[in-house]
Amino acid sequence: LNGVTPSWWLLTIFTGVSLGSGLCVKWTALNLVGLVSLRIFYRFIRHSFKIFRTTTLMDNGRTLITRLIFSRRFVGGALVATFIIISYMWPWYLHFHLLRNSGIDEDSMNNNFRSQLVGSTIPLPDGESPQGVTTSIFQLHKTMLAINKASKFVHRYGSPWYEWPVLRTPVLYYL
């Protein structure tokens, strides 16, 4: 990894954590994740062509693939992607481990999850083992997406997606 400094590692990890945190708070941050990912991919492809033009298949005992995998662009992209996933999933992991009591919003989850809540009267479905946190996260996201797609509710803080970058409508936060 030529040209890698401690500040490069720090900024690369910070980029992934920032993008993952933004995505965890509001899915509209996905456009920024996409733009940064396109930029990283573009730089990797450009770098790959540069390596391909300047090397033979065997260059000092290292293959072309090895040089690409251990390039700063590839490692940076992998680090950013890893930290996006970690910083996105961590708050959900905490959510499912800290909020273990039965409550009003549990109806959106399946019976397997609901059976594990403290105070729940729902038994674990026959033949199933308790689902893990990752399954619970994906199931909740699937349910939230279905609810949002089916919602026809209009409010004064709503705005079409194409107005989001210019923030014509104020953002409503629930406290």
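This is a short tour of a predicted model, with a selection to make at each stop.

**Whole chain**

Start with the full chain in cartoon view. You will find 6 helices and 2 strands, and from the N terminus on the elements follow the order α-α-β-β-α-α-α-α. Now colour by burial: of the 175 residues in the chain, 25% are buried. If you draw a contact map and keep pairs with a separation of 6 or more, residues 24 or more positions apart account for 52% of those contacts.

**Helix α1**

Next, select residues 6-25, which form helix α1. Pick the C-alpha atoms at its two ends, and your distance tool should give 29 Å. At 1.5 Å a residue, the 20 residues of α1 should span 28 Å, so the two values agree.

Which residues of α1 are buried? Show Trp8, Thr12, Gly16, Leu19, Gly20, Leu23 and Cys24 as sticks, for these are the buried ones. Turn the view to look down the axis of α1: its buried residues fall within an arc of 140 degrees, so they line one face of the helix. A reminder about helices helps here: with 3.6 residues a turn in an α-helix, residues three or four places apart point the same way.

Then rotate to the other side of α1, where Pro6, Leu10, Leu11, Phe14 and Val25 are exposed.

**Where α1 meets α4**

Keep α1 on screen and add residues 72-98, helix α4. Two packed helices are described by the angle between their axes and the distance between the axes. Here the axes of α1 and α4 come within 7 Å and cross at roughly 40 degrees, which makes α1 oblique to α4. The crossing is right-handed.

For the side chains at this contact, select residues from both helices. The α1 set includes Trp8, Thr12, Gly16, Leu19 and Leu23; among the α4 residues they meet as a group are Val75, Leu79, Phe83, Tyr88 and Trp92.

**Helix α6**

Finally, move to residues 133-150, helix α6, and pick Ser136. Is Ser136 buried or exposed? Its relative accessible area is 2%, so Ser136 is buried. Leaving out residues up to four places away in sequence, Ser136 touches Phe96, Met109, Phe113 and Gln131.

Thr134 is also found in helix α6, and with a relative accessible area of 44% Thr134 is partly exposed. As a last pick, join the C-alpha atoms of Thr134 and Trp92: they are 8.9 Å apart, with these positions 42 residues apart along the chain.

Notes. Residues are numbered from 1 along each chain as its sequence is written. This is a predicted model: local features need pLDDT of at least 70, side-chain atom pairs count only at pLDDT 80 or more; totals for chains, interfaces and linings use all residues. Side-chain values use heavy atoms; hydrogens and water are left out. Helices (H or I, at least four residues) and strands (E, at least two) are DSSP runs, numbered from the N terminus. The expected span of a helix is 1.5 Å times one less than its number of residues. Buried means under 20% relative accessible area, exposed over 50%, partly exposed in between (1.4 Å probe, protein chains only). The arc is that of the directions from the helix axis to the C-beta atoms. Axes are lines fitted to C-alpha atoms, for helices over the stretch in contact, and angles run from 0 to 180 degrees between N-to-C directions. Angles under 35 degrees count as roughly parallel, over 145 as roughly antiparallel, 65 to 115 as roughly perpendicular and the rest as oblique. A crossing is left-handed if the near helix is turned anticlockwise from the far one by less than a right angle, and right-handed if clockwise. Contact means heavy atoms within 4.5 Å.
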